[in-house]
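Biologist: I would like a close look at one part of this assembly, followed by an account of how that part fits into its surroundings. Please begin with the local backbone and then work outwards.

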Amino acid sequence: MDGRIASPGRRRIQPDAPAAIELRNIDKHFGSVHANRLVSLQIKQGTIHGIIGENGAGKSTLMSILYGFYRADAGEILINGSAVTIRSPAEAIALGIGMVHQHFMLVENFTVLENIVLGAEGGPILNRGLAEARTAVDTLKRDYGLDVPAGALISGLPVGLQQRVEILKALYRQAEILILDEPTGVLTPKEADHLFAVLRKLRDEGKTIILITHKLREVMAVTDSVSVMRKGELVKTLDTRSTTPAELAALMVGRSVNLSATKSHRKPGRCVLELREVSFTDAAGVERLKNVSFALHEGEILGVAGVAGNGQSELLEILSGMLRPTAGHIFLHGQSCLDLTARSLRRRGVAHVPEDRQHMGLVMSFEACENIILGYHDSSKYGAYGLLNRHAVIDDAKKKMHAYDVRPHLPLLRASLFSGGNQQKLVLAREIDQHPDVLIVGQPTRGVDIGAIEFIHQRLIELRDRGKAILLVSVELDEIRALSDRILTMCNGLVVGECTPAAAESAISLMMAGISPDKAA
Amino acid sequence: MEMFDALVPVLDSAVRLAVPLLFACLAGLYAERAGVFDIGLEGKMLIAAFAAGAMAAVSGSSWLGLLAAVLASASFALLHGFATITHRGNQIVSGVAINIIAAGLTAQLGVTWFQRGGQTPQLPPQSRFLEIDLPGAALLRDVPVLGGIYSGIVSGHSLLVYIAFLMVPFTWWIIYRTRFGLRLRAVGENPAAADTAGISVAYQRYMAVLCGGVLCGFAGSYLSIAQSSGFVRDMTAGKGFIALAALVFAKWRPFPAMAACLLFGLLDAINIRLQGTPIPGIGILPVQLMQAVPYVLTVALLAGFIGRAVPPKAGGIPYVKEL
Amino acid sequence: MNRRADLPWWADYLLIPLLNLAAAFVLSAILLIAIGEDPLAAARIIVEGAFGQAEGLGYTLFYATNFIFTGLAFALAFHAGLFNIGAEGQAYVAGLGVALVCLYLDFLPRPLIFILAAIAAGAFGAAWAFVPGYLQAKRGSHVVITTIMFNFIASALIVYLLVNRLSPPGSMQPETRTFSPRARLPFLHDVLAALGPSISQSPLNVSFFWALICCVLFYILIWHTKLGYELRTLGANPMAAVYGAMSPPRLVMIAMMLSGCLAGFMALNEIMGSQHRMILDYTSGYGFVGIAVALMGRAHPIGIILAAVLFGALYQGGAELAFESPNITRDMIVLLQGLVIMMAGGLEHLFRPNIERLFAMRRPSIAGAR
């Protein structure tokens, strides 16, 4: 595979050319889960096609089949009109299909160049292959504006640049079809715009781009056509120009959706949690939080907006006692709580719904009832003298699961067998039912179906109406605006500014990019 | 000058003692860099030593012995690969199992085939790898310092010794300068990245494990048909674990591995030399103390007292496709 | 040990281990045929030797006692996500503790000697496991490698002590003097003889009961205490453990010490209950067999007892086999053990996909909870 790339330019697509990709009746089961049900789809060459759907709708599975990660149980794939079988990523790459994964597939201690050539080294001896690759990569960088230092180690690059390496990888392998899986989750709005510009350029040259996303906004902004998937089926394919976000949302869910929860206006009470000049430097020496100060009051939901990776995760972990700040003060009910452990914080009424329920909030291999006591197992109601009273635990689980409509109502069922929404409700049941004064929540509806989203949002508003304080961290701006009384925006470890939900979206976007409102004026 | 003369045999001895460690250590390097923990080095060395001794006794040829050793060790390596790569079994347990299987198998077959309580027959010189005198060794012997080093330490070893030391730069070149090495390191650090780039993780790991098997074959051969004249029960006596310690001590890199093996070989040589001899001011050092030093040093390294040892990121974890 | 949800419990805990065992036997049978022996005859001798007479049964249970202790040791650390490969060294050092009590404190009343010896065994074993545990907890040093290293360090240490310090003056043997009769654990055949029934002589001694008691305590600890919950959480999901206000470093150290303590109790059975003196290398591989026992027994005390009896039977039956057939040595049993470890641990998933397929065919698809 040589690295020579033809120079860019607008390519004329013949009007009656075969579709770049055609899927016919793709069907896939995973055990008893019917992930793709007879999905048929045609994507024209030289377009940006969005595939939108909730978590579990089957979009990732479909694309994985296209990329050779899985094999469909039934159905055909045609590339440029000819039927093909794709049994592995190597075969997909040979067919000109490239994929930019949601979680980057990069080797941390290799250089950018080594990562790009991995799999297409150009010969058994590296030096020769690398030299050729370098010239080809330089050309690509120039043509598409994907500037990255070729000799830098991946581990030293920020996330936005790492994604560029992923794209360069696909282009280096001469991908004509590019699949991007939730690419903007880790980008600021400005970086996302830059990505879209790159995608448009690629499209203009005749490349076919598939964008998997759950963000309606993105679909409207950059795609030419869009397919909606729901529960494994392809519901409809539409021309983007002729549809609206509301229509797409309705198709995703199957009914009309109220995109914003309603809440009454409340006057916040006294301050329960206060941060003063809190800073945190992580083990690698990177400053994750810089002089963060804010106050949280009774009866309010304080939203923290911002792209993931700007210090919000560290903020959550510090407030729940999992990490110690390197500087600053935190006051809970007026008393310093810097030296408190996670255990004592819980006892003092601080509950934490973590961002990552699968790796932090739950033990997937434990039963639901064993998960219900996580973090609270010390309590005497679950047993005395260090013993664990299983009956008490199971009873408690039954009560909580009923109150929060966690289905199925089986306390002995393993957590991994519940759906994302029910898992999240399990975590919420555990945390909220302990009657905390302060609830710290991260990404409460990530990977949760819309029905459960509404339920969870109601619960949070209820908690606030009962006079409790909630700190809500979320990358979903819609969620933040729907639920929060006040919004803080974080960028690069700093609190850039504060606003109300009524503020213009442009203002918040600017803040997410690090430009504080006074400077923007 | 006298001290130098006393030193030369010790250094010579150190080289000989380091060689089986070096082969085994490099063997472990290939496997572990690819993400497959291999604590079965001991077992592979043992089966190789037995195969070499048995084949050399039966056929009379040292080269056939070497071949048999490589084949035996490679098949055990493939077994380890089969269990851990194809069937995603636990790598630690597989390694422990291989050590025990090798111990039982070599002893049982030794008794069944040769009836000498587990030994293979004594080998005549022509069936072993004998010492080779490098050109000019006799001539240069009297040259001060360098001559002594050349003729006393560098020359006069069997062919396998020279091969062992040549394997070090060769391994370095393979790991860092070839496509094979790049892919090997990739599957050891982030197998998913290699998979999505179109590389077969399983194939790459099998190849790595196989390389390890071949090198352990050399290690075992050296023990039974170069250093000694036949296989003796439990001949490896923990050398496979010292090699593992050396690998960790060397942070999984080829040239430091050579240094670590030479160091441990030197400690062993000093230990043997000093046995029973009092050191001025300290008295007699217990034999066991010196024997324990390589292990203590490795623990000290792992504890971070002598720098940090970071293993390949995907080491010990079977690769399962998941998105 | 995680159970996969697709299989009924008995398939996971009984069927697959039995299949693995059968496979190991089949492979050994092939080797037996290759060296000209009859595998079925060999199997008969093994079974008869292990269970046929009371004496054989006594030996079988005696060996099983060792394996219960080392199996529990590995299983406990395993629940916390740790691989304690150091049971050999921990048991070895524990032997030192027992020997010290029995040699120097044998003037005390007998019950006190027993209690102190048990404490010494547990304490010395725990202490030897403490350092690798501490290094893993505080410095991130991989416990597999450190425990292997500590096995060898223990070996060097004990050899030194036995050769230079603990052997009686004038003796050429690297072992301590024989313990006085007060400092010996009573044999079961003696205890029973005093009560009435008489059984054949064997080294089976009262530490067998202690092993069974440890199984009960193990079960209660792991599944019915808050500490056990914390250990299991750490093993299943370390991040969730931190989130759940647990302290992984503390738990790692506790797990390793408890594990070492259990391994150490093996010294009671061997040193105080059978050998009646401390000898070189008395652990002779029992620590590694403990790994197989724990894995076959799915880290559950009932499974461990069954697997321990199985391996005990192999040891005893194998000794009979080696005695009766000149061509077969004890090493055949070592080989069989290695194969069982491989099938139970390395290749434990070999049969699983096929079994799962069998069960999937018989059962209609579960309407998922999703």
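Biologist: In the hairpin of β9(A) and β10(A), which residue takes a positive phi, and how many residues stand between the strands?

Modeller: The model is a predicted one, and with that in mind the residue you ask about is A:Lys231, whose phi is positive, near 50°, in a hairpin that has two residues between its strands. The strands on either side are β9, residues 225–230 of chain A, and β10, residues 233–239 of chain A, and they pair in the antiparallel sense over six bridges. Beside the turn, A:Arg230 stands opposite A:Glu233 in β10(A), while another of the pairs places A:Val226 across from its bridge partner A:Leu238 in β10(A).

The hairpin belongs to an open sheet of six strands, ordered β6-β7-β8-β3-β9-β10 in chain A, in which the pairing is mixed. In this sheet β10 of chain A is an edge strand, as is β6 of chain A, and each of the two pairs on one side only. From one strand to the next the twist averages 20°. Helix α6 of chain A, residues 189–204, lies across β3 (48–53), β7 (177–181) and β8 (208–213) of chain A, and runs at about 145° to β8(A).

Just before the edge strand β6 (97–100) of chain A comes the loop that follows α2 (89–94), and A:Leu95 lies in that loop. A:Leu95 has 19 C-beta neighbours inside 10 Å and therefore counts as partly exposed. Neighbours within four places in sequence aside, A:Leu95 is in contact with A:Ile79, A:Val84 and A:Ile86. Between A:Leu95 and A:Lys400 the C-alpha to C-alpha distance is 52 Å, with 305 residues separating the two in sequence.

At the level of domains, the assignment for chain A gives domain 1 as 47–57 + 97–253 and domain 2 as 271–367 + 419–520. The C-alpha centres of these two domains of chain A lie 30 Å apart.

A further sheet of chain A is open and has four strands, in the order β12-β11-β14-β15, with antiparallel pairing. Its edges are taken by β12 (287–297) and β15 (335–336) of chain A, each of which has a single partner strand, so one side of each is left without a neighbour in the sheet. Helix α9 of chain A, residues 312–319, packs on this sheet, where it touches β11 and β12 of chain A and makes about 60° with the direction of β12(A). Within the sheet, strand β11 (residues 271–281) of chain A runs antiparallel to strand β14 (residues 327–332) of chain A, the two being joined by five bridges. One position along this pairing is A:Glu274, which stands opposite A:Phe331 in β14(A).

Turning to the partners, the contact of chain A with chain C takes 30 residues from chain A and 21 residues from chain C. On the chain A side, the elements that give two or more residues are α10 (342–347) and α11 (357–361) of chain A. That side of chain A has, by class, 15 nonpolar, eleven polar and four charged residues.

Chain C also meets chain B, in a contact that takes 38 residues from chain C and 35 residues from chain B. Here α5 (110–139), α6 (143–166), α12 (286–296) and α14 (330–346) of chain C each supply at least two residues of the chain C side, and α6(C) gives the most, with twelve residues. The classes on that side of chain C are 24 nonpolar, eleven polar and three charged residues.

Chain B itself contains 13 helices and two strands. Its radius of gyration is 20 Å, close to the 20 Å that the globule rule gives for 323 residues, so chain B is as compact as a globular protein of that length. Taken along the principal axes, the C-alpha atoms of chain B fill a box of roughly 65 × 50 × 40 Å. Of the 323 residues in chain B, 55% are buried, and among the contacts of chain B with a separation of 6 or more, 76% join residues 24 or more positions apart.

Methods. Residues numbered from 1 in each chain as written. Chains lettered and ligands numbered in written order. Predicted model: local features only at pLDDT ≥ 70, side-chain atom pairs only at ≥ 80, totals over all residues. Contact = placed C-beta atoms within 7 Å. Nonpolar A, V, L, I, M, F, W, Y, C, P; charged D, E, K, R; others polar. Pairing = 2+ DSSP bridges. Axes fitted to C-alpha atoms, helices over the stretch in contact; angles between N-to-C directions. Domains from an automatic or database assignment. Rg over C-alpha atoms; globule rule 2.2 N^0.38 Å. Buried ≥ 20, exposed ≤ 12 C-beta atoms within 10 Å, placed from the backbone.
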